[in-house]
Amino acid sequence: MKKFLKKLPFLLLILLHASFLLAMLVEKLNITSNLIFIAAIIILVLIAYTQVPRHEDKHLKQDFLAVGFVVLGAVVTFYLNVQVNLGPVIAAGAVGTIASYVPWLNRQSKLLNEVPASTYCGAFVGMSSPNIAGSFMFILFASFIAGLLLVFSKNIFRGFGGKLGTIAFGGVAVTYLLIFLFL
């Protein structure tokens, strides 16, 4: 059971990538060249997953504080995007830039060093269109799920580009799916 729990975040990320690629595949099913291109991407992604290095760091209590930073980054970005009308890119850039300076407050603090990546993951959630994320409740829930995904995927894809965006996509997609299924 413990072995399965260690592999669960990895399987969730594979499921997120697969669902995104499957959605693209279904949407472009009638165009042969797109179908071949997307099928090639799926094969390359599956090959890449076999090469991903894994780390075995334990989860600490402070890792779960990252969930709070994800929520904070998402809410502030969504507020700047929708209420202040800065637009999603400027809002996320402003939040990410400010968060990048937080470790300067105390360079020895492991907690403060977690702030930029966690907040930036939340900023990606906060970039959601108001047509998809109609309220702050949606953003709160999506960012909470994204924060949990971030914590549980701590030992995989370290230093890989796109991890934070994939996790943010996962939080929004899971939230949207739950609303679609249960409300």
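Contact here means heavy atoms within 4.5 Å. The exercises below concern a predicted model.

**Exercise 1. The two domains**

Task: Describe how domain 1 and domain 2 meet, using contacts, buried area and salt bridges.

Solution:
- Step 1. Set the bounds. Domain 1 covers 1–50 and domain 2 covers 60–182; these bounds come from an automatic or database domain assignment.
- Step 2. Place the domains. Their C-alpha centres are separated by 23 Å.
- Step 3. List the contacts. On the domain 1 side 8 residues take part, and they are in contact with 9 residues of domain 2.
- Step 4. Give the area. The size of an interface is often given as the accessible area lost when the parts come together. Between domain 1 and domain 2 about 790 Å² is buried, with 91% of it on carbon and sulfur atoms.
- Step 5. Assign the area to residues. Of the area that domain 1 buries against domain 2, 61% is supplied by Pro 9, Leu 13 and Leu 16, more than by any other three residues.
- Step 6. Check for salt bridges. The rule finds 0 across the interface of domain 1 and domain 2.

**Exercise 2. Helix α4**

Task: Test the length of helix α4 against the expected span, then identify its buried and exposed faces.

Solution:
- Step 1. Compute the span. Helix α4 has 13 residues (88–100), and at 1.5 Å a residue, counting one less than the number of residues, it should span 18 Å. The end C-alpha atoms are 18 Å apart, so expectation and model agree.
- Step 2. Find the buried residues. In α4 these are Ala 91, Ala 92, Val 95, Gly 96 and Ala 99.
- Step 3. Look down the axis. The buried residues of α4 fall within an arc of 125°, and therefore line one face of the helix.
- Step 4. Turn to the other side. Val 89, Ile 90 and Ile 98 are exposed and sit on the face of α4 turned away from its buried side.
- Step 5. Identify the cover. The elements over the buried residues of α4 include α3 (61–83) and α5 (110–126).
- Step 6. Take one residue as an example. Ala 91 lies in α4 and counts as buried because its relative accessibility is 0%, under the 20% cut-off. Leaving out residues up to four places away in sequence, Ala 91 touches Thr 77, Leu 80, Asn 81 and Leu 86. The C-alpha atoms of Ala 91 and Val 75 are 11 Å apart, with the two residues 16 apart along the chain.

**Exercise 3. Three residues classified**

Task: Locate Asn 85, Phe 64 and Thr 175, and decide whether each is buried, partly exposed or exposed.

Solution:
- Step 1. Asn 85 belongs to the loop between α3 and α4. Its relative accessibility is 63%, so Asn 85 counts as exposed. Although Asn 85 is not a glycine, its phi is positive, about 60°.
- Step 2. Phe 64 is part of helix α3. A relative accessibility of 38% makes Phe 64 partly exposed. Phe 64 is 74 residues from Phe 138 in sequence and 20 Å from it in space, C-alpha to C-alpha.
- Step 3. Thr 175 is in helix α7 (residues 163–182). With 2% relative accessibility, Thr 175 counts as buried. Not counting residues up to four places away in sequence, Thr 175 touches Phe 138, Phe 141, Ala 142 and Ile 145. Asn 155, 20 residues from Thr 175 in sequence, is 24 Å from Thr 175 in space, C-alpha to C-alpha.

Terms used
Residues numbered from 1 in each chain as written. Predicted model: local features only at pLDDT ≥ 70, side-chain atom pairs only at ≥ 80, totals over all residues. Heavy atoms only, no water. Helix = DSSP H or I, 4+ residues; strand = E, 2+ residues; numbered from the N terminus. Buried < 20%, exposed > 50% of the residue type's maximum accessible area, 1.4 Å probe, protein only. Arc of directions from axis to C-beta. Buried area = accessible area lost by both parts, 1.4 Å probe. Salt bridge = Lys/Arg side-chain N within 4 Å of Asp/Glu carboxyl O.
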